[in-house]
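Me: Please take a close look at the disulfides in this model, one at a time. Then follow the chain into whatever the cysteines are attached to, and keep the answer connected.

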Amino acid sequence: MSFCGSRRAFAVGTAAIALGLTLASVAAAQGGTGALHNARRFGGSTAFYRLPVETVDALQRMMAQPGIVADIRHVLDQAGLSSAADAVVATLTEARTVMRGTTCAGATPADGTLVECDFEPGGTLLWMAYRPTGQGGRPGLIEGGIRWAGERSFRAFLFRVTEGDRIYTFVLPTVCSNLSLVSVHEVPELPAQISVERTCAPDGTLRAVVTAAGDLSRVARVRVAIDGRPAGELTPSSWSMTTYTPGTYSFDASDAAGHSYPVTRASIVVEACPPPPPPPPITVVTPTCDVSLSAGRVKGGYQITVDATRSTTGTSEVAPVVSVELRDPSGAVVGQTLTLDSRRSGTVMVRQPGTYRATATVSTPRVVQSGNNRYEGTDTCEASVTIAPPPLAPLFFIEALGGKERRVRPIGDPAVDVAHCSPLVGLKVGVAKPFDNGWELAGAVGVAISVDTGNDDVEDVLIVDLEQSAIFIDAEVNKYLGRSFIGTGLSLWDVTYSERFTPAWLLHFGVPVTTDGARFPVFVVAESRLFLDHADDVTNNYLIWGGLRFQFGKR
């Protein structure tokens, strides 16, 4: 049977009647599925376009005719596809190239692409456009299903149009251009991809971001519930929402018509965040006290320098405050408490040598909180410095003395040993080297002058001999007990006269009569000598005198 018309000339009415009778006689193609019209030949008076359309150029010439375009829209309107008319016309009008395929059954081109293929026998069509009254009449539709029952395949252009949620596949036979609908397929509904990003803040606060992704062009909204209670919706354009509640999140998507739309996951369990760990304990950091002393001699005494630069609060945010109390060798506080400057150093003047001790107090002037540390409190420490006395310089002294001498001397010719007492006055000049331990070495030179005035002849002889001066040299070892001293030594007496020269044992002591610190100390001294040339006659060979000792310089 020909659906495109016979090549013989029939009247239009006769052709329509014959076509109707032919279609009515077609048997059902598939049992129980409804009747299918068998078509065995295309072409003739019922062809949609009178010329074969075998190339893209021929197709362009056909679509350039406004009547053809109007007829195509009319046919689609009869089929209930007026909404797809623009896409169909655009595909046929704008085609510039064509893909060549083998069979139409396996062709699935993208929208707007033409495929030239073979429609094989046994293939079916849902409907076909034709001209029941010939080329001048309005086109109609053959509906109810058509099976190609020809002996060979027919050549056709195949294309697809997507409208809403359906894909329409059309063929245009090149021999007659009877636009035909091959199939209608629902566009697969790709499930909306639902995800929940769960984050936990350091304080244990939950933050859950619910997001829909994927192809959401057919999705209107996604309702979100938590433990069965509505929690919000995902809608364009963000397709996300943020919550702070744990529980079972369930999702219900729908399209614009309110119909249910699939989702990848119907529910997701969002667990609560674990409680934050307890804060670490606060550590109290007290300052560190570290002080040192040094001393140097200056005019008028000694300068003690206090260095506390190694003292710290433990943090660079606040500097320590350092106060120092200095005590002298006796334990008495020297001056007032010293507060060190920003360089954490200071000086104190003292006059006497000795060991000085400093007690330093380091404090954090204000509480500083940093992390898990709190800086506050005070700390104390001690330091000492010993100021050694300067080396003792030699001391010069002069003694003015008076006393008596008793000696046994050979007198006359022949010589006779005579014991005689003579009052004496003397002057003694010396130098002493003191030591830190209180000992002293001294050397002196002096002169002793006799002042005897006897009247008898013998005495007159004696006076003549004894009135001559005696020069002596002393070597002393003295020990100071406090400010007084006691000493002994060796004296070389009357060194200028060999006949009267004798060594003597010296013993003396001194008691100060001036106050401590006097510029020129004065001592009362008592001194004795035992002349060793007659050591076996102590009672007749000695000297005792006393006087004042003037000292130049201080120990």
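Reply: Cys289 and Cys381 form a disulfide with their sulfur atoms 2.0 Å apart. The model is predicted, and the values here are computed from it. The torsion about the S-S bond of Cys289 and Cys381 is about -55°, so this disulfide is left-handed. The pair links distant parts of the chain, 92 residues apart: Cys289 sits in the loop between strand 19 and strand 20 (292-298), and Cys381 belongs to strand 28 (residues 378-387). Both Cys289 and Cys381 are buried.

A second disulfide is formed by Cys200 and Cys273, with the sulfur atoms 2.0 Å apart. The link of Cys200 and Cys273 is also left-handed, with -90° about the S-S bond. It too joins distant parts of the chain, since Cys200 lies in strand 11 (residues 193-200) and Cys273 in the loop between strand 18 (267-270) and strand 19 (283-285), 73 residues apart. As for burial, Cys200 has a relative accessible area of 36%, which makes it partly exposed. Cys273 has a relative accessible area of 12% and is therefore buried, because the cut-off for buried is under 20%.

The count comes to three disulfides, and the remaining one is formed by Cys104 and Cys117, their sulfur atoms 1.9 Å apart. The link of Cys104 and Cys117 is right-handed, with 95° about the S-S bond. Cys104 is in the loop between strand 2 (99-103) and strand 3 (115-119), while Cys117 is in strand 3 itself; the two are 13 residues apart, and the pair is again one that links distant parts of the chain. Both Cys104 and Cys117 are buried. One further cysteine can be placed by its exposure: Cys421 has a relative accessible area of 29% and is partly exposed.

Strand 2 and strand 3 lead from the Cys104 and Cys117 link into a sheet. They run parallel and are joined by three bridges, and within this pairing Arg100 stands opposite Glu116 in strand 3. The sheet is open and has seven strands in the order 2-3-8-9-10-5-6, with mixed pairing. Its edge strands are strand 2 and strand 6 (140-142), each of which pairs on one side only. From one strand to the next, the twist of this sheet averages 30°.

Two helices can be placed against these strands. Helix 3 (residues 66-78) lies across strand 5 (127-130), strand 6 and strand 9 (166-173), and runs at about 50° to strand 6. Helix 4 (residues 85-94) packs on the sheet by touching strand 8 (154-163) and strand 9, and its direction makes about 135° with that of strand 8.

Helix 4 can be followed residue by residue. Its buried residues are Ala85, Val88, Val89, Thr91 and Leu92. Seen down the axis of helix 4, they fall within an arc of 160°, so they line one face of the helix. An α-helix has 3.6 residues a turn, so residues three or four places apart point the same way. On the other side of helix 4, Asp86 and Glu94 are exposed. The cover over the buried residues of helix 4 includes helix 2 (56-63) and helix 3, together with strand 8 and strand 9 of the sheet.

Technical notes. Residues are numbered from 1 along each chain as its sequence is written. This is a predicted model: local features need pLDDT of at least 70, side-chain atom pairs count only at pLDDT 80 or more; totals for chains, interfaces and linings use all residues. Side-chain values use heavy atoms; hydrogens and water are left out. A disulfide is a pair of cysteine sulfur atoms within 2.5 Å. Helices (H or I, at least four residues) and strands (E, at least two) are DSSP runs, numbered from the N terminus. Buried means under 20% relative accessible area, exposed over 50%, partly exposed in between (1.4 Å probe, protein chains only). Two strands pair if DSSP finds at least two bridges between them. Axes are lines fitted to C-alpha atoms, for helices over the stretch in contact, and angles run from 0 to 180 degrees between N-to-C directions. Contact means heavy atoms within 4.5 Å. The arc is that of the directions from the helix axis to the C-beta atoms.
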